[in-house]
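Please keep your viewer open and be ready to select residues as you read, since this short tour moves from one selection to the next.

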Amino acid sequence: SKKKTRLRRQTSILTAKDMALSMKTNAAVRLPSARAAIKARARQQPRLRTVVVRASEEEVKSTEDAAPKSTIASPVSEPTPTFGSLMSFSGPVPELANGRLAMLGFSSAILLEKITGEKVFRLVQDLPLTVAFLAVTFIVATFIPLLKKETPEKKATGIFQANAEMWNGRAAMLGFALLLVIEANSKGPFF
């Protein structure tokens, strides 16, 4: 009875292992037959055994009857990209092609506005076949390497990195869109 009150007054925090141990101890103190039951259960539980496997390289002598096995694994080829996978929402072509077209359009708009003194809208109206030809050419030029499994990341060297092209394309898309909005609300060309 003194032991029970001492255990109840104890306020220290016990871990799960300590609590399980104290529960077994309390049960063993209360019932002498419980101690024997705990020991019997411990004997019945299977022991965990560890198996250690060590591998070493052995030289195998081939016989005349056995054909030598090839140890060279064939490389796993990536599936050939399709038009649908390249043009999907998460595919590489939409952002890459739009970024390239925006860079071309923005730089052309700056140059042609300086030379002609006309707005972008008027330039597109005057040169529709040129704009369409350049757009189709850039889109096809974006597709061909990707269909051959060549990515911009593989061709990156020095300052010409794929990540830089994406960011420049995004900036050009924003710049070209802002140029169109500004020129739609103004009387003359921006540049």
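Begin by selecting Phe143 in this predicted model, and look past its neighbours within four places in sequence, where you will find Phe143 in contact with Phe83, Leu86, Met87 and Val93.

Next, widen the selection to Leu86, Val93, Leu96, Ala97, Phe143 and Leu146, the 6 residues that make up the largest nonpolar core. Colouring helix 5 (93–116) and helix 7 (128–147) will help here, as each of them supplies at least two residues of this core, and helix 5 gives the most, with 3 residues.

Now select Thr142, which has its place in helix 7. Is Thr142 buried or exposed? Its relative accessible area is 1%, under the 20% cut-off, and therefore Thr142 counts as buried. Leaving aside its neighbours within four places in sequence, Thr142 is in contact with Leu96, Ala97 and Arg100.

For the last stop, keep helix 5 in view and add helix 9, residues 162–184. At what angle do helix 5 and helix 9 pack? The angle is about 50°, and the axes of the two helices lie 7 Å apart, which makes helix 5 oblique to helix 9. The crossing in which helix 5 passes helix 9 is left-handed.

To see where they meet, select residues from both sides, including Leu96, Arg100, Met103 and Phe106 in helix 5 and Met166, Arg170, Met173 and Phe176 in helix 9. Sorted by class, the contact of helix 5 with helix 9 has 10 nonpolar, 6 polar and 6 charged residues.

Methods. Residues numbered from 1 in each chain as written. Predicted model: local features only at pLDDT ≥ 70, side-chain atom pairs only at ≥ 80, totals over all residues. Heavy atoms only, no water. Core = buried A, V, L, I, M, F, W, Y, C linked by side-chain atoms within 4.5 Å. Buried < 20%, exposed > 50% of the residue type's maximum accessible area, 1.4 Å probe, protein only. Helix = DSSP H or I, 4+ residues; strand = E, 2+ residues; numbered from the N terminus. Contact = heavy atoms within 4.5 Å. Axes fitted to C-alpha atoms, helices over the stretch in contact; angles between N-to-C directions. Parallel < 35°, antiparallel > 145°, perpendicular 65-115°, else oblique. Left-handed = near helix turned anticlockwise from the far one by under 90°. Nonpolar A, V, L, I, M, F, W, Y, C, P; charged D, E, K, R; others polar.
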